[in-house]
Amino acid sequence: MPIVFFAKKPDNVTMNTDVLVIGAGPVGLHTAKCLAECGYEVRLLEKKPEAAKQVCCTGIISTECASKYGFDGKYIQNYFSEASVYSPGGQKLLLKRDTPQAIMLDRASFQAKLLQQAINCGVRTSFGFQANSIEYIENGLRITTKEGQSFTAKAVVLAAGYNTALSRATGLGEINNFAYGLQAEVDTSIPSNLSLFTGKAISQGYFGWLSSINDCTAKMGLLTRKNPFECWSALHNTLYKQGLITAKHINYVCRPVPIGNLSASFGDRVLAVGDFAGQLKPTTGGGIYFGLLCADLAVSCLDKNIKTNKLSKANLAEYEKNWKSLIGSELYIGRLLSRAYAGIDDRLLEQIFKKCATSGMIEKMAAKSHLGFDWHGKAFGHLLKNPFDLVRS
């Protein structure tokens with residue numbers, strides 16, 4: 001049965017929670033915890049029967065993100081200060097700095113930690129329940145699940161990942177374009193640190209990766225606009241022939257990754273955060289950091305408005321204004337870069353690799369400490385301010 005959103009009707013109902021957060025990924029868990037810390041009654045609704053144990057995500061975040069949100073070493077699988085990027089023909093560019101620029105989280109353990117923190121703050125959880133309908137009632141919303149359970153709340157936060165049915169039902173529009181993310185944990189005989197693989201066969205518009213967990217295991221994956229299964233086969237063959245992986249057959253997880261934003265991330269008593277709203281880096285598909293930043297803004301907006309029960313669409317509009325002020329330009333520039341990269345054929349890409357290797361441009365940009373792991377718009381802005389570098393590359 002599809003999700004439906006019913007019109008408002010008079011109904012004198014006592015709310016059984018202040019805020020219902022739908023989705024128990026990192027962004028949903030963080031949102032629920034922070035709202036509970038503000039003193040609100042919060043319930044977390046998740047369609048899966050338990051916390052995710054197998055996640056289609058590398059878990060790679062910047063050291064900036066780790067520092068801001070206090071992620072400790074217990075949940076860190078690896079640190080990366082360099083990355084090897086390979087052209088379709090095998091040319092190699094080394095991106096390197098003296099200090100770590102990114103870390104890899106154990107996503108399953110990390111999410112388990114966030115869940116426990118949320119519970120410790122008083123968040124009530126309902127796993128194994130999928131939102132099926134949302135109905136406006138007096139001073140709130142009623143959410144009915146596919147399993148027949150009913151919840152009422154003053155406000156709802158949508159953090160359920162890419163979900164067009166739920167976004168349409170809540171009147172927020174939908175994200176029509178998406179890429180495919182595929183990943184598996186593999187045995188590797190040659191420690192590879194972090195390696196990225198380009199070319200139309202491996203990915204349509206993005207890249208593949210092999211990121212080491214330790215000396216004998218790694219995360220193998222790719223992001224592509226189309227042909228996910230053919231691209232996975234091409235990446236597998238490339239890594240297998242190079243001796244980087246040992247298995248002839250690998251089971252993987254696949255999930256949709258949104259490209260673009262909802263037409264609106266707010267409505268009457270409703271806010272959307274994280275992947276659900278399309279708040280992720282268009283160039284890489286990474287959504288943890290931007291999602292957490294936007295979750296903080298959602299919490300601030302709700303905290304301000306729940307107290308006065310001013311939760312209309314007009315009152316919640318400031319949330320979208322604030323998150324677009326924070327990351328909107330990054331998303332816009334990132335999409336331009338992503339579309340430009342998608343239009344480059346393998347022959348031209350080989351030439352670009354060759355130019356980058358001989359011009360020293362990679363080393364020059366690596367030396368500029370303000371060009372960070374997350375803010376790709378700054379790197380592009382640097383090139384625009386230095387047009388000769390852009391022309392030469």
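The exercises below, each with a worked solution, deal with helix packing, nonpolar cores and single residues in a predicted model.

Residues are numbered from 1 along each chain as its sequence is written, and side-chain values use heavy atoms, with hydrogens and water left out. Because the model is predicted, local features need pLDDT of at least 70 and side-chain atom pairs count only at pLDDT 80 or more, while totals for chains, interfaces and linings use all residues.

**Exercise 1. Describe how α1 and α3 cross, and state which residues make the contact.**

Solution. Begin with the elements: helices (H or I, at least four residues) and strands (E, at least two) are DSSP runs, numbered from the N terminus. The axes, which are lines fitted to C-alpha atoms, for helices over the stretch in contact, with angles from 0 to 180 degrees between N-to-C directions, come within 9 Å for α1 (residues 26-37) and α3 (residues 107-120) and cross at roughly 20°. Next, classify the angle: under 35 degrees counts as roughly parallel, over 145 as roughly antiparallel, 65 to 115 as roughly perpendicular and the rest as oblique, and α1 and α3 are therefore roughly parallel to each other. The crossing is left-handed, a term for a near helix turned anticlockwise from the far one by less than a right angle, with right-handed used if it is clockwise. Finally, Pro26, Leu29 and Lys33 of α1 meet Arg107, Phe110, Gln111, Leu114, Leu115, Gln117 and Ala118 of α3, contact meaning heavy atoms within 4.5 Å.

**Exercise 2. Carry out the analysis for α6 and α7, and give the classes of the residues in contact.**

Solution. The axes of α6 and α7 (residues 313-342) come within 9 Å and cross at roughly 160°, which makes α6 roughly antiparallel to α7. The crossing is right-handed. On the α6 side the contact includes Phe290, Leu297 and Leu302, and on the α7 side it includes Leu316, Tyr319 and Trp323. By class, there are 13 nonpolar, 3 polar and 3 charged residues, where Ala, Val, Leu, Ile, Met, Phe, Trp, Tyr, Cys and Pro count as nonpolar, Asp, Glu, Lys and Arg as charged, and the others, Gly among them, as polar.

**Exercise 3. Identify the residues that touch the most other members of the largest nonpolar core, and follow Leu302 outward.**

Solution. A nonpolar core is a set of buried Ala, Val, Leu, Ile, Met, Phe, Trp, Tyr and Cys residues joined through side-chain atoms within 4.5 Å. In the largest one, of 72 residues, Leu35, Phe71, Leu158 and Leu302 touch the most other members, and α6 supplies the largest share, 12 residues. Not counting residues up to four places away in sequence, Leu302 touches Val19, Leu35, Tyr40, Ala155, Val157, Leu271, Leu311 and Leu316. Apart from this core lies another, of 24 residues, among them Val85, Leu349, Phe353 and Cys356.

**Exercise 4. Decide whether Gly274 and Ser211 are buried or exposed, and place each in its surroundings.**

Solution. Buried means under 20% relative accessible area, exposed over 50%, and partly exposed in between (1.4 Å probe, protein chains only). Gly274, in the loop between β20 (270-272) and α6 (288-306), counts as buried at 1% relative accessibility. Gly274 and Gly291 are 17 residues apart in sequence, yet their C-alpha atoms are 4.1 Å apart in space. Ser211 belongs to strand β16 (residues 207-212) and is buried as well, with a relative accessible area of 0%. Beyond its neighbours within four places in sequence, Ser211 is in contact with Ile60, Phe80, Met104, Asn193, Leu194, Ala218 and Lys219.
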